[in-house]
Structures are given as C-alpha cells and as structure tokens.
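Q: I would like to learn how to read a few features of a protein model. Where should I start?

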Amino acid sequence: MTTTIQPKYPASYYDDIYIEVSDKSVAQEWKHIKKEDRGYSALYNTNKIINKYQSKEMFKHEIDMWNKNEDYHGKPLREWLYENRKFYINKGFGELTKGEVIQGFRKSGIYRGKSYHSPFYIKQFIKDFNVKSIYDPCGGWGHRCLGAISIPDITYIYNDINTATYNNVKEMYKDMKQLDNSISDKIYFNNEDAATFIPEQDYEAVFTCPPYFNQEIYSDKGAEHLSKKDFLIWWKNAVDTATAKDSCKIFSFIISNKYKEKMMSVVDDAVFDFVKEQEIGSHTNNNHFQRKGNVSRNGEVLLIWEKK
C-alpha cells in the first residue's frame, strides 16, 4: 500500500510570495535586539522586522518574476525553481516556505537580489564610542535604525534616496514606538540625495553602509547607476557633506574589502585620522553580499575615522 504524503503548504500558499511576519514574531525579535549584544561578529539573520516592512520592496523583482512565471531554461520559472530546490535542499512544492522560495532565486542563480544587514553593528559602535547622536546618510532597509533605537534616548537621523524604502522605515519606527514607548522620540527621517543633503540636527557621528558601486540596484535614482568614476565623485561629496557640521567628530562606514581602498581614498586625511578597521560578521560565514569564494576579498569591514 502506497502512502501519499500531503504537502505542508497548499498551492494557494504560493500565490503571493512576499514574506509575512506576525506581530508576535516582531515583538520577540525586538526583545532580542534590545537584550542581546552580539557585537561586530553578529550574523545577518535578524530580519523578521525588516521583512515585515520591506519584503515587498526588497524582493519586488523576484515577486514580479514569480507572478509572471515565464519560461526559464525551457520550463515555467516556478516549476524550474521547485525542482532546483528539491534537488539541492530536498524541499520542493508544498514544502518550501515563502522565505525559502525567495532565497531560492539567489541560491539557484536566477536573480542575485538584495542582501540583509545587522542591527547589532551600529549598536556596538554607539556603545564603543559613547555617542548620543548619529547620522546615517545611506539608511537602507532599516537594520541600523532598529539597532540605534534599541539604545535609550539616542538621536538617530535616517536618510535614503529610495522613497519606498524611506516610507517603509518611517512606518516601521511608528509601529515600533507603539510597541515600546521607551524608544527615543529623537528619530528623524529624510528622503534626500546623500551627496547634497545636510540634516538640520547636530550629530556626533556618521555610521552608514553606502552602495557597493553597482553590486546591488536599490532604486532608479541611486548612485549605484553611476559609472565607477562618477560614483567615487558622488561618494566624496556624500562624505564631505555628511561631515561638514562642526558637531560631527567621527565618520564611519561599512564596506566590502573588494571596494575598500577606493572608497577609503576619498576621505580627506587632512581632516581625519584613521583610527580603526573592524571586521564584521563571523569569519566562518558569508557576509551580506558574499557568496562562497575569496573571503579575504569579499569580507566586510567597518572603517572608522576621527576628526583631528
């Protein structure tokens, strides 16, 4: 007698693959972010809150490809991806979660997609340098916002040129504030070009993670569309603008070793002293842009300067 194994998820489960996150999961992860100090070795796996607010924007290309279900290597894309995942992780149709379907686009080579970050790096930085106010000119998905607001009474200034991402982070902060009223009120949001924008508020430090040239495309108007030469001009302007205020004493950013030297070269050594290069993420795990390969080239570091 043959036993038929019922699929865990019905076909309708895959009608929409954006990642849904419950309020309970949000509350649990927020408690974890506030309580834990994972430091610079934290992995890129604290993403439930980010998924709740950003998954439709973050994975919009994958969702579009999924919905169109066009031919891919001679088969409908969904069928091809199901078979690929079944072969590599022994989970196919009816077994894969929506998150695993999204991951499958990248892992199978269909589409590289976007990458996660960690809220624990900025949290550790704030504690290490005892700063009370911080500006993030390339604010991104909101990981650093979450890390910053886990610190009582912090001033955090978010900026990102992607309007959809900016709106999602604003909504995230509003909901997190309702969840936890102890979160600082001194959180500010801006939707501007980092190369020209100077916040109204004073801040002691800059902590950010700029685009890695064109390695990932975030919007139709971001600097990742520039040539490498023009990108470095944009980045120099962003650095100079972000550090123009007298109140700013520390400048820092996260970057891949692949682009480190070029990105460092625009920081004016007549104004700043380089004080630290901090490896981030576990050395045994791929960083948030990295696939298996040359770890020394693809690993990420936090670079820190102080004004003279």
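Q: Which strands does helix H6 lie across?
A: Look for contacts between the helix and the strands, then compare the axes. In this predicted model, helix H6 (residues 120–129) lies across E3, E4 (155–159), E6, E7, E8 and E9 (300–307). Its axis runs at about 160° to E6. Helix H8 (residues 163–179) can be read in the same way: H8 lies across E4 and E5, at about 160° to E5.

Q: What is the strand order in the open sheet?
A: Strand order follows from which strands pair. Here seven strands form an open sheet in the order E5-E4-E3-E6-E7-E9-E8, and the pairing is mixed. Strand E5 (187–190) and strand E8 (272–279) are the edges, because each pairs on one side only. On average, neighbouring strands of the sheet are turned by 20° against each other, direction ignored.

Q: How many bridges join E6 to E7, and do these strands run parallel or antiparallel?
A: Count the bridges and compare the directions. Strand E6 (residues 205–208) and strand E7 (residues 250–256) run parallel and are joined by four bridges. As for single residues, Val206 has Phe251 in E7 as its bridge partner.

Q: Is Asp136 buried or exposed?
A: Read the relative accessible area against the cut-off: under 20% is buried. Asp136 has 0%, so Asp136 is buried. Its place is in strand E3 (residues 133–136).

Q: With which side chains does the side chain of Asp136 make a polar contact?
A: For a buried acidic residue, look at the partners of its side chain. The side chain of Asp136 makes a polar contact with that of Arg144 at 2.7 Å, and another with that of Thr208, also at 2.7 Å. Beyond its neighbours within four places in sequence, Asp136 is in contact with residues including Tyr156, Ile157, Tyr158, Asn159, Phe207 and Cys209. Sequence distance is a separate matter: Asp136 and Ala242 are 106 residues apart in sequence, and their C-alpha atoms are 8.7 Å apart in space.

Q: Where is Thr46, and what is it in contact with?
A: A loop position does not settle accessibility, and both need to be read. Thr46 is in the loop between helix H1 (23–35) and helix H2 (48–58). With a relative accessible area of 3%, Thr46 is buried. Apart from its neighbours within four places in sequence, Thr46 is in contact with Glu29, His32, Ile33, Pro119, Phe120 and His143.

Q: How many aromatic pairs does a search of the whole structure find?
A: The search finds 26 aromatic pairs. Each pair is read from the centre distance and the angle between the planes. Phe87 and Tyr88 form an edge-to-face pair, with 4.9 Å centre to centre and 85° between the planes. Phe87 is exposed at 66% relative accessible area, and Tyr88 is exposed at 57%. Phe125 and Phe129 form a tilted pair, with 5.0 Å centre to centre and 35° between the planes. Both lie in helix H6, four residues apart, about one turn of the helix. Phe125 is buried at 0%, whereas Phe129 is partly exposed at 24%.

Q: Which residues do ring pairs link into a cluster?
A: Follow the pairs from ring to ring. The cluster consists of Phe231, Trp234, Trp235, Phe251, Phe253, Phe272, Phe274 and Trp305.

Q: What sits over the ring of Tyr18?
A: Check the distance of a charged end from the ring centre. The charged end of Lys56 sits over the ring of Tyr18, 4.2 Å from its centre. Lys52 lies over the face of Tyr53, at 6.0 Å from the ring centre.

Technical notes: Residues are numbered from 1 along each chain as its sequence is written. This is a predicted model: local features need pLDDT of at least 70, side-chain atom pairs count only at pLDDT 80 or more; totals for chains, interfaces and linings use all residues. Side-chain values use heavy atoms; hydrogens and water are left out. Helices (H or I, at least four residues) and strands (E, at least two) are DSSP runs, numbered from the N terminus. Buried means under 20% relative accessible area, exposed over 50%, partly exposed in between (1.4 Å probe, protein chains only). Contact means heavy atoms within 4.5 Å. A polar contact is a pair of N or O atoms within 3.5 Å; within protein, one must be able to donate a hydrogen and the other to accept it, and residues adjacent in sequence count only if both atoms are side-chain atoms. Two strands pair if DSSP finds at least two bridges between them. Axes are lines fitted to C-alpha atoms, for helices over the stretch in contact, and angles run from 0 to 180 degrees between N-to-C directions. Rings of Phe, Tyr and Trp (its six-membered ring) pair if their centres lie within 6.5 Å; planes under 30 degrees apart count as stacked, over 60 as edge-to-face and the rest as tilted. A charge sits over a ring if NZ of Lys or CZ of Arg is within 6 Å of the ring centre and within 35 degrees of the ring normal.
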